[in-house]
Protein chains: 2
Amino acid sequence: MATVSNVLNGKPSVSQGFITRVRAAVDELGYVADSHASRLRSGKHSLAGVVVPDLSNPMFGAFVSTLERLARDDGFDLLVVSSANDPDQEAERLRSIRSWRPAGLIVIPCDGRLSARLPRGGNPPIVVADRIPDDGGFDLVAVDNAKSAAAIAAHLAGEGHRTCLVAGSMLAISNVRERWEGAAAAAGPMAIEMVESGLDRGVIRDRLRARLSAGTRPDALFTLDHLTTLVAYQLLAELGVSIPRDIAFASFDDTEWMHLVTPPITAVRQPVEEMARAAWTQFIRRLSGGDAVPRTLRLSCAIEIRGSSLRRTGLPDNAAA
Amino acid sequence: MATVSNVLNGKPSVSQGFITRVRAAVDELGYVADSHASRLRSGKHSLAGVVVPDLSNPMFGAFVSTLERLARDDGFDLLVVSSANDPDQEAERLRSIRSWRPAGLIVIPCDGRLSARLPRGGNPPIVVADRIPDDGGFDLVAVDNAKSAAAIAAHLAGEGHRTCLVAGSMLAISNVRERWEGAAAAAGPMAIEMVESGLDRGVIRDRLRARLSAGTRPDALFTLDHLTTLVAYQLLAELGVSIPRDIAFASFDDTEWMHLVTPPITAVRQPVEEMARAAWTQFIRRLSGGDAVPRTLRLSCAIEIRGSSLRRTGLPDNAAA
DNA sequence: GTGAAAGCGCTAACAA
DNA sequence: TTGTTAGCGCTTTCAC
């Protein structure tokens, strides 16, 4: 019995004859050792917990997809849970996932207050990705939000737009905050203004419509997250506001469709795969005890300037009333 | 010790005083019972395995996302693995996931030969979704591929198109096959032809380009899966083939961007959430031993007729050379 | 209503 | 190199 265990775990002290016989029996029976019993006795196993805000967001889907592949290569399985962008649910998930005693967690938190939601009583190593918690102490992988947003703002200002509306879910989410701050700092002569659009489609729609219908329409609209971009783009079409003639448009977060529409949308392309890869690498490094202090990694984004944000041809100046 | 267990599992035979004290201690310590030990002793736990071909496909992302929510509501955790559309990897995943002794599996198989890839030695209940295995014996939730594809083909024929190219990954995938057969059966006077485009972006591109550049260009193009749609749409733009002037375009699988482009794309909208919901319901039903024989459920799709497939205005007839 | 003891399927430690 | 024994953290059983 112990010998079977030794064969399956590749221990050296087993005779060739036994190895062969055990393998044959295992194949015939389709036997796979029980991970639970195995973990219980050895204390070790290869299970990683993944907590994301929303799996239906293509960015998080791509993140988990890449993570799954890398985890598999390292023999890990993934327990995936969604916080549904809700702090309370996130807290509950972080708590209940501990019952599996995962080797560690990879978390995209729903806002900055992650520390406050960690259950007491010894958590496994945590690598935080994409969004930066208010408190330090975590390994961290994110993109250079401020710099990339600044590049977009500078581009929009450079195209001669005078006023810019920035719309993103919530400033409580670090990357939205960093993007806004980066854009605001780089706006130069362009007047720039922020609206928190929320996390719900309907709410986003209402808030954007209210702002776009009231008073002077901004020359440019810069959306800071995928859902806001989607809703804004649809809304502009419905309102008959033409891109880029009536308004310039740019997005943080580049998804498939943005270069398929006409004109294609200027966007910040986040290196999602690279982020997942970096998170996994750091996860493994942390588990093997290599690092002493938490590591922070900031990845660069590509700025994709496309037709949606280019100067309105033939119009010398702001034509909105 | 046993009493603590009884409190946590809500057993009735515990005094109120004990319940209060145990809960207080649990809260203070952040204690969560070890699922592994718990499963080992009781033989029961709430873990479901999910096997999908590719998490980065938005359709599967939405599927898993919905599943995760429903699972959570029923107290289940989800072990998610991807087969990367590769039968060998699928077989390996199906095998290794058994080490967790999941209560059951929900599988979107990568092709029809699922049975052949199941490890011997007693598998847990399996609900198959989206794609139909060649062998019966599984609970099944899928959409009415043939009927929906037929509706598209009939629509294209009705618009006066004379020739139609159908492109989908592989006929070995049941839903692609059903879609092709449904379309072929409903083409009427319209000449219809199928090309298997493959699963790899580059390959899809090459095959489509070869077909679209050679000989007579078809009047209409009907793509049967998301990746083929994406690649085809980009390719048409690059080739300068205008939709719908030069070619009518329709897609099986409706994603966000298809109604954002100009003209919006005619598509079959699959009820992904409903499919996930039905799969979960069946999963729970199967676990509770309610059903004797496997159940098959076919869900209806919505046909979204949009601008991309409408008759070319002003052109009385087939203008292609 | 509570506590003591056994045992789930493994692996670690050690004896043979 | 192989076999035996103990025990991981729970839940079940059963005595109290």
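Q: Which helices of chain A and chain B each supply at least two residues of the surface near DNA strand D, and which gives the largest share?
A: In this predicted model, chain A brings in α1 (2–8) and α3 (35–42). Chain B does so with α1 (2–8) and α3. The largest share, five residues, comes from α3(B).

Q: How do the residues of the surface near DNA strand D divide into nonpolar, polar and charged?
A: Altogether, 22 residues surround the strand, with A:S15, A:R41, B:M1, B:S5 and B:Y31 the closest. Sorted by type, they come out as nine nonpolar, seven polar and six charged.

Q: What percentage of the atoms of DNA strand D within 4 Å of the protein belong to sugar or phosphate?
A: Let's look at some contacts. A side-chain N or O atom of B:K11 sits 3.1 Å from a phosphate oxygen, and a polar side-chain atom of A:S15 lies 2.7 Å from a phosphate oxygen. Bases take part too: a polar backbone atom of A:L40 is 3.5 Å from a base oxygen. For the strand's atoms within 4 Å of the protein, the sugar or phosphate portion is 61%.

Q: What is the area buried between chain B and chain A?
A: Each chain puts residues into this contact: 51 from chain B and 51 from chain A. On chain B's side, B:H36, B:W100 and B:L260 supply 16% of the area it buries, more than any other three residues. Carbon and sulfur atoms give 54% of the total, which is about 4500 Å².

Q: How many salt bridges does the rule find across the interface of chain B and chain A?
A: Take B:D34 and A:R39, whose side chains meet in one at 2.1 Å, N to O. Across the interface, the count is eight.

Note on methods:
Residues numbered from 1 in each chain as written. Chains lettered and ligands numbered in written order. Predicted model: local features only at pLDDT ≥ 70, side-chain atom pairs only at ≥ 80, totals over all residues. Heavy atoms only, no water. Contact = heavy atoms within 4.5 Å. Buried area = accessible area lost by both parts, 1.4 Å probe. Salt bridge = Lys/Arg side-chain N within 4 Å of Asp/Glu carboxyl O. Near = heavy atom within 4 Å. Polar contact = N/O pair within 3.5 Å; in protein donor to acceptor, adjacent residues only side chain to side chain. Helix = DSSP H or I, 4+ residues; strand = E, 2+ residues; numbered from the N terminus. Nonpolar A, V, L, I, M, F, W, Y, C, P; charged D, E, K, R; others polar.
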